[in-house]
Amino acid sequence: MEPVEIRPRVAVSSCLLGAPVRFNGGHSRDRFLSEELAEHVEWVPVCPEIEIGLGAPRETLRLERSPDGPRLVTRRTREDLTAPMTALAAGRAAGLADVDGYVFKSRSPSCGLHGIPVYAESGAAADRRGKGVFAAAVTAARPELAVEDEGRLHDAVLREAFVERIFASARLRALLSGDWRPRDLVAFHARHKMQLLAHAPAAYREIGRLVAAAGERPRESLACEYGLAFRAALAAKTTVGRHVNVLHHCLGMIGRELDPVRRADLAEVIASYRARRVALAVPLALLRHHAKGAGAQYVPAEYVRDQTYLSPYPDALRLRNHVPA
Ligand code: SF4
């Protein structure tokens, strides 16, 4: 399969790309997002605090406990901004229907996804279980969306999982935005089978049944159900064991084309990955090489070669190079 060229559309907290929109007039530019990932995605920058009419610099905000849930309040003048922020999020969530993911700024009472302090009105006793008001509303409206914050994206495993999801979502969006037929969805699904199997074996089988009946369903309901099931399956965590299972599936399909020495080499590299001595990139590179080199008439090799599992995103991102813990 040729390198993936599709560009996911990804919403992002503007300050992470270097926009001077923070409360102090500064930014929180993140190098991975603004340099490496920027080469491969189309960013949709959003600063909710600016969009509700606050300037930069501005007074700082915080979350305060209330019986109806956390309120977004200015620290000094005590203005409650929960209603405009929630209204903005409702409109933005609808307007962002075509994005494939969202990277939120961590530790923000508007954008933070996890662990935001929630204060008592007195200013005491913060607990750290809050979520930014804007982020909470957007994620509630779009539960299937791939979301992360820039802090968690410094973790190699979480980064790879997020990038894989946004590229898969973008491929599906590209298909469904065109004049597709059931057979196109069947072909799309066939290319993603190993990727789905690496994430969620049970969902892989269920989605297979859905696609098998593709021609008997109205297009809109089929697209909607497939989209939700596909994105939910890819949100499930991969494991070393699941990757090994997929690698063996692929080896089984192309193994007949390989001489015994090459077949044994590939099996040995898969075993090294299972023993956590090499990164996933190592058996995958060998598998890709053999799938490309197998006889042109050999249908199983063509099937393996076209699997998105082998190239789920551009190689330049170098995301499968970590040895599993
Ligand atoms: S964290 Fe969100 S609200 Fe704060 S500056 Fe960044 S984009 Fe704006």
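**View 1. G241, a partly exposed glycine in helix 9.** With a relative accessibility of 46%, G241 counts as partly exposed (buried is under 20% relative accessible area, exposed over 50%, partly exposed in between; 1.4 Å probe, protein chains only). G241 belongs to helix 9, which covers residues 240-254 (helices are DSSP runs of H or I with at least four residues, strands E runs of at least two, numbered from the N terminus). Look for Y273 as well: 32 residues separate it from G241 along the chain, and the two C-alpha atoms are 9.8 Å apart. Please keep in mind that this is a predicted model, where local features need pLDDT of at least 70, side-chain atom pairs count only at pLDDT 80 or more, and totals for chains, interfaces and linings use all residues. Numbering starts from 1 along each chain as its sequence is written, and side-chain values use heavy atoms, without hydrogens and water.

**View 2. Domain 2 beside domain 3.** The protein is split into domain 1 (9-154), domain 2 (157-235) and domain 3 (240-317), with bounds from an automatic or database domain assignment. Taken over C-alpha atoms, the centres of domain 2 and domain 3 are separated by 22 Å. Where the two meet, 16 residues of domain 2 touch 16 residues of domain 3 (contact: heavy atoms within 4.5 Å).

**View 3. The parallel sheet 2-1-5-8 and two helices across it.** Here four strands make an open sheet with parallel pairing, in the order 2-1-5-8. Strand 2 (42-46) and strand 8 (146-149) are its edge strands, and each pairs on one side only. On average, neighbouring strands of this sheet are turned by 20° against each other, direction ignored (axes are lines fitted to C-alpha atoms, for helices over the stretch in contact; angles run from 0 to 180 degrees between N-to-C directions). Five bridges link strand 1 (residues 9-13) to strand 2 in the parallel sense (pairing takes at least two DSSP bridges). Within this pair, S13 faces V46 of strand 2. Helix 4 (residues 133-141) lies across strand 2, strand 5 (101-104) and strand 8, and runs at about 165° to strand 5. Helix 5 (residues 156-176) also crosses strand 8, at about 150°, and lies across strand 1 and strand 5 too.

**View 4. The mixed sheet 4-3-6-7.** This open sheet has four strands in the order 4-3-6-7, with mixed pairing. Strand 4 and strand 7 (127-130) stand at the edges with a single partner strand each, so one side of each has no neighbour in the sheet. Neighbouring strands are turned by 60° against each other on average, direction ignored.

**View 5. Strand 3 and its two partners.** Strand 3 (residues 61-64) is covered on both faces: L61 and L63 are buried on one side, and R62 and E64 are buried on the other. Antiparallel to strand 3 runs strand 4 (residues 71-74), joined to it by four bridges. The two strands form a hairpin with six residues between them, and G69 in the turn has a positive phi of about 110°. Strand 6 (residues 116-119) pairs with strand 3 in the parallel sense over two bridges. E64 is a handy landmark: R71 in strand 4 stands opposite this residue, and so does Y119 in strand 6.

**View 6. Around the ligand.** The ligand is surrounded by 13 residues, and the closest are C15, C47, E49, K105 and C111 (a residue is near a molecule or strand if one of its heavy atoms lies within 4 Å of it).
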